[in-house]
Amino acid sequence: MIMEIAVIGKSEFILGFRLAGIRQTYAVETDEKLVETVSRVLGADDIGILVMKGEDVDRLPLRLRTTLEESVSPTV
């Protein structure tokens, strides 16, 4: 199975990754959408690396942030 890179963040953050050819980019502007998208990506079997800005990680609820920090696949 080929593992993909996913990028989650505001539109201006993900734009460069999209231009570099990364297909799994998710623009999120609200905290609710951020939590929903991160949860969905964590459950995806084909995502090997998740890229996010530190300030977006800080906006996540503690439980989800802890899950990200301990995640082996995807690597955050």
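**Helix H2.** I began with H2, which has 12 residues and reaches 16 Å from its first C-alpha to its last, close to the 16 Å expected at 1.5 Å a residue. I note here that the model is a predicted one. Next I looked up which residues of H2 are buried, and found Leu34, Thr37, Val38 and Val41. Seen down the helix axis, the buried residues of H2 fall within an arc of 100°, so they line one face of the helix. I recalled that an α-helix has 3.6 residues a turn, so residues three or four places apart point the same way.

**What that face packs against.** I then asked which elements the buried residues of H2 pack against. They pack against S1, strand S2 (24-27), S3, H3 and H4.

**H2 and H4.** I looked up how these two helices lie. The axes of H2 and H4 come within 11 Å and cross at roughly 35°, and the crossing is left-handed. From H2, Val35, Val38, Ser39 and Leu42 meet Leu64, Thr67 and Leu68 in H4. Val38 is thus listed at this meeting and also among the buried residues of H2.

**The core.** I turned to the largest nonpolar core, which has 13 residues. Those with the most contacts inside this core are Ile8, Leu34, Val38, Leu50, Met52 and Leu60. I checked where the core residues come from: strand S1 (4-9), helix H2 (31-42), strand S3 (47-51) and helix H4 (62-70) each supply at least two. H2 gives the most to this core, with three residues. As background, nonpolar side chains in soluble globular proteins tend to be buried together.

**Leu34.** I picked Leu34, which lies in helix H2. Is Leu34 buried or exposed? Its relative accessible area is 0%, so I entered Leu34 as buried. Setting aside neighbours within four places in sequence, I found Leu34 in contact with Ile8, Val28, Met52, Asp56, Arg59 and Leu60. I also checked Leu34 against Asp46: the two are 12 residues apart in sequence and 19 Å apart in space, C-alpha to C-alpha.

**Asp56.** Among the contacts of Leu34 is Asp56, so I followed that residue, with its relative accessible area of 2%; Asp56 is buried. Its place is in helix H3 (residues 54-58). Which residues does Asp56 contact, leaving aside its neighbours within four places in sequence? I listed Ile8, Gly9, Lys10 and Leu34. Ile8 is therefore on two of my lists, as a contact of Leu34 and as a contact of Asp56, and both Leu34 and Asp56 are buried.

How values were computed:
Residues numbered from 1 in each chain as written. Predicted model: local features only at pLDDT ≥ 70, side-chain atom pairs only at ≥ 80, totals over all residues. Heavy atoms only, no water. Core = buried A, V, L, I, M, F, W, Y, C linked by side-chain atoms within 4.5 Å. Buried < 20%, exposed > 50% of the residue type's maximum accessible area, 1.4 Å probe, protein only. Helix = DSSP H or I, 4+ residues; strand = E, 2+ residues; numbered from the N terminus. Contact = heavy atoms within 4.5 Å. Expected span 1.5 Å × (residues − 1). Arc of directions from axis to C-beta. Axes fitted to C-alpha atoms, helices over the stretch in contact; angles between N-to-C directions. Left-handed = near helix turned anticlockwise from the far one by under 90°.
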